[in-house]
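Reader: I would like to learn how to read a protein model. Could we go through some features together?

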Amino acid sequence: MKRLSIYLGTICLLGTLCSCTNFSQGQEIGSVSMKSGTTELDSEIEGKVDSLLSLMTLEEKIGQMNQYSGFWDVTGPKPEGGSEAKKYEDLRKGLVGSMLNVTGAKEVLEVQKIAVEETRLGIPLLIGFDVVHGFKTVSPIPLAESASWDMEAIKRSAEVAAKEAAVSGINWTFAPMVDITRDARWGRVMEGAGEDPFLGSAIAKARVTGFQGDDLTSPYTIAACAKHFAAYGFAESGRDYNTVDVGTSTLYNIVFPPFLAAKEAGVRTFMNSFNEINGVPATGNAWLQREILKGKWDFNGFMVSDWGSINEMISHGQAENGKYAAERAIIAGSDMDMESYHYLNYLAELVKEGKVNEDLLDDAVRRILRVKFELGLFENPYQYSDPSVENEVVGSQEIQDAVLDMAKKSIVLLKNEKRLLPLKRSGQNIVVIGALASDKTSPLGNWRTGAENGTAVSLLEGLQQYQGNTITYVKGPAFVDGEISFPKQLQINETKTSGMIEAVNAAKKADIVLVALGEHGMQTGEGRSQVDIGLPKLQQQLLEEVYKANPNVVLVLHNGRPVAIPWAAEHIPSILEVWQLGTQSGHAIAQVLYGDYNPSGKLPMTFPKAVGQVPIYYNHKSTGRPNEPAPGEVFWSHYTDMDNDPLFPFGHGLSYTQFEYQDLKVEVDPSQVLVSFELKNIGGLDGKEVVQVYIQDVFASITRPVKELKGFELVSLKAGESKTLNFILTDKELGFYNNQGEFFVEPGDFKVFVGGSSNTVLESEFNLAQQLR
Ligand code: BGC
């Protein structure tokens, strides 16, 4: 590039601390230390960043901190003043550092060319998009992928998503969402890894490394974004965008770990969250963004606001106008403004008035430019914008294979009492009931903004690949009314019962009835919280009628959140959890139904019996009154109308074979604790089991959960085979954070639990006489 030669310069000394105490109103949060991580920085890139920064006007710096949405697509409320003409004008003036929701090699080329060829400094754009579970070829929703507990498959899924997105012009994904969540009412549970910080951290790492690869300059990798920092998953009563009130210990021990894991895996960006923490919106929260993320964790990438979240500081009641919101947000460490326009409108004024120190802008711009250099955008700004490569790669066999593999591994066999599954290969009369069985859009789930509706393989199409049985399909009562497309609200049919009688009559003649019920793919996701998480009334009625007609029912359960289905769990002999599995959904489900893939998934989130139990999660605290003192006693921690147990616990999932756990041994030495046990495949089939190791720190200065996952492994065993498994627990697994955010191990009594779910089958204990070395 012609302008590149001027970027070469000396290494910038960024490690200086800058103190700012310029709060003119509201809560005084004291001095803010601004630290730019200096670890692992590439000196050549730092030199270029510094050199480029020295050439920039104040307006150009602010431009880098401004992100516009594309002209035809929005993923949040449209702010005032963002007309297409104005956006193009600003682009030409160098007042835009990044765009989101512009996709397609040709479309991206158009805006990138303006940035590179028509602006004074020719700084290329970051092109961001929510590549959350695939792009045009859709992989299972993240909650489903998490049920695989298979880090290689998850990484591979992110890798192919990155590849498909990259050739379509995108160089930055707003993923992974690493928010821990315990509330199935929250629509965005579909987007994360579930309730556990240990599993969530492993998945965060797999996804970040999948998206980013080893080389960010590759045309097939993109920058990742750990979101939403922080505690967005704790929205009160599961209502999206609601207030969060989370305790310090939960913040450090439950909420932060997957973010830290993402940072350690090298994630290049973070996104803040819509919620407040201790009364301070995350976007304006200096403690969170400067002290923890950029300070303690030494994060040297950048922080993008969530959609319009700088503006939302006004509604939160933290800032009385856009100008003050911009001041608070930049001081707090939000580097890029997504669709509020307040940085563009007010930052220059704030600097000139002396309310915001220009060093803060320099720090933000350095971080943004650093990522642009790391992506190789200056050397090759159009490398993501070649329509011929796009044509070749999008939807390719390699990508289809990876999403099919991921989809099979995401399925969880919840129940298989009469061993109706796997299906026999021939001679069976199989009746398939339910509108979801023929739906080619719902399996795409919610965040499939790059995919066309109707592009998923339906369950029915998947079953038709198997020739030996007679398949009859009866739709039953239509599941949904009207067109469903983002961002329209879903209409659930509760009135039109037509098709019910036909379904029941068909069921009577069947050997096996497959009933596809649950949620539509648009029932979960952003802004889609629900107070009722059971089956809609008409579906429940259909299931009960069909079961009365023929008890050989396999419920093929589609959902994006844990659902409360106590009647089904009690009566229906086989339940297969198939979530929303993406483009290859039907093939994956059929392969599992027929046993071509023996299910190995385990739940990443607890399924409740009733919505009233929510939030329900396995790693809860003991409380002061955990046990019923005597039968019939009232004064203990329980409900009077239901027990405390979940419907299906965290980690639960069956196989067509069975596994036996035995011979648990625990050895303590000065530097580690060795846990070993024997796993045997005692069923008649080859299969895979996710073995899980939990601990409890029995007495501690800060109460610890009754169980905490601290190890897992996906083990393949042939029928009859057994294996000894060894797990090493170090201080990393045995320790916890105190309320000052310091991590340490407390000597004392510990328990170890082992099994194929959080309802473990083996238990032992050990005493740690002193801290591990
Ligand atoms: C969501 C983010 C998303 C952004 C851009 C927001 O509403 O909370 O997760 O990345 O929109 O689409």
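Author: Gladly! Let's begin with handedness: a crossing is left-handed if the near helix is turned anticlockwise from the far one by less than a right angle, and right-handed if clockwise. Keep in mind that this is a predicted model. Here, helix 8 passes helix 9 in a right-handed crossing.

Reader: Which residues of helix 8 and helix 9 make the contact?

Author: On the helix 8 side they are Leu251, Tyr252 and Phe256, while helix 9 brings Trp287, Leu288, Ile292 and Lys296. Sorted by character, the contact has six nonpolar residues, no polar ones and one charged residue.

Reader: How are two packed helices described?

Author: The description uses the angle between their axes and the distance between the axes. For helix 8 (residues 248–264) and helix 9 (residues 286–296), the angle is about 70° and the axes are 15 Å apart. Angles of 65 to 115 degrees count as roughly perpendicular, so helix 8 and helix 9 are roughly perpendicular to each other.

Reader: Now burial, please. How many residues of helix 11 are buried?

Author: Buried means under 20% relative accessible area. In helix 11 (residues 322–332), eleven of its eleven residues are buried. Charged side chains appear in that list too, including Lys323, Glu327 and Arg328. Just after helix 11 comes glycine 333, with a positive phi of about 110°.

Reader: What is the usual sign of phi in residues other than glycine?

Author: Most of them have a negative phi. Two exceptions are worth finding in this model. Tryptophan 579 has a phi near 45°, a positive value in a residue other than glycine. Tryptophan 579 sits in the loop between strand 18 (574–577) and helix 20. Threonine 623 has a positive phi of about 70°, and its place is the loop between helix 20 and strand 19.

Reader: Are tryptophan 579 and threonine 623 buried or exposed?

Author: Tryptophan 579 has 1% relative accessibility, so it counts as buried. Threonine 623 has 45% and therefore counts as partly exposed.

Reader: And peptide bonds? Which form do most of them take?

Author: Most peptide bonds are trans. In this model, the bond from alanine 175 to proline 176 is cis, with omega near 10°. Proline 176 lies in the loop between strand 6 (172–173) and helix 7 (197–212). The bond from valine 614 to proline 615 is also cis, with omega near 0°. Look for proline 615 in the loop between helix 20 (585–593) and strand 19 (659–669).

Reader: What about polar contacts? Which residue's side chain joins that of glutamate 117?

Author: A polar contact is a pair of N or O atoms within 3.5 Å. The side chain of glutamate 117 makes one of 2.5 Å with the side chain of tyrosine 382. Glutamate 117 belongs to helix 4 (residues 105–118) and, at 45% relative accessibility, counts as partly exposed.

Reader: May I try one with serine 340? Where is serine 340 found?

Author: Serine 340 is in the loop between strand 12 (337–338) and helix 12 (342–352). With 5% relative accessibility, serine 340 counts as buried. Leaving out residues up to four places away in sequence, serine 340 touches Gly308, Ser309, Ile310 and Asn311. A polar atom of the serine 340 side chain lies 2.9 Å from the backbone nitrogen of asparagine 311.

Reader: Thank you, I will look for each of these in the model!

Key: Residues are numbered from 1 along each chain as its sequence is written. This is a predicted model: local features need pLDDT of at least 70, side-chain atom pairs count only at pLDDT 80 or more; totals for chains, interfaces and linings use all residues. Side-chain values use heavy atoms; hydrogens and water are left out. Axes are lines fitted to C-alpha atoms, for helices over the stretch in contact, and angles run from 0 to 180 degrees between N-to-C directions. Helices (H or I, at least four residues) and strands (E, at least two) are DSSP runs, numbered from the N terminus. Angles under 35 degrees count as roughly parallel, over 145 as roughly antiparallel, 65 to 115 as roughly perpendicular and the rest as oblique. Contact means heavy atoms within 4.5 Å. Buried means under 20% relative accessible area, exposed over 50%, partly exposed in between (1.4 Å probe, protein chains only). A polar contact is a pair of N or O atoms within 3.5 Å; within protein, one must be able to donate a hydrogen and the other to accept it, and residues adjacent in sequence count only if both atoms are side-chain atoms.
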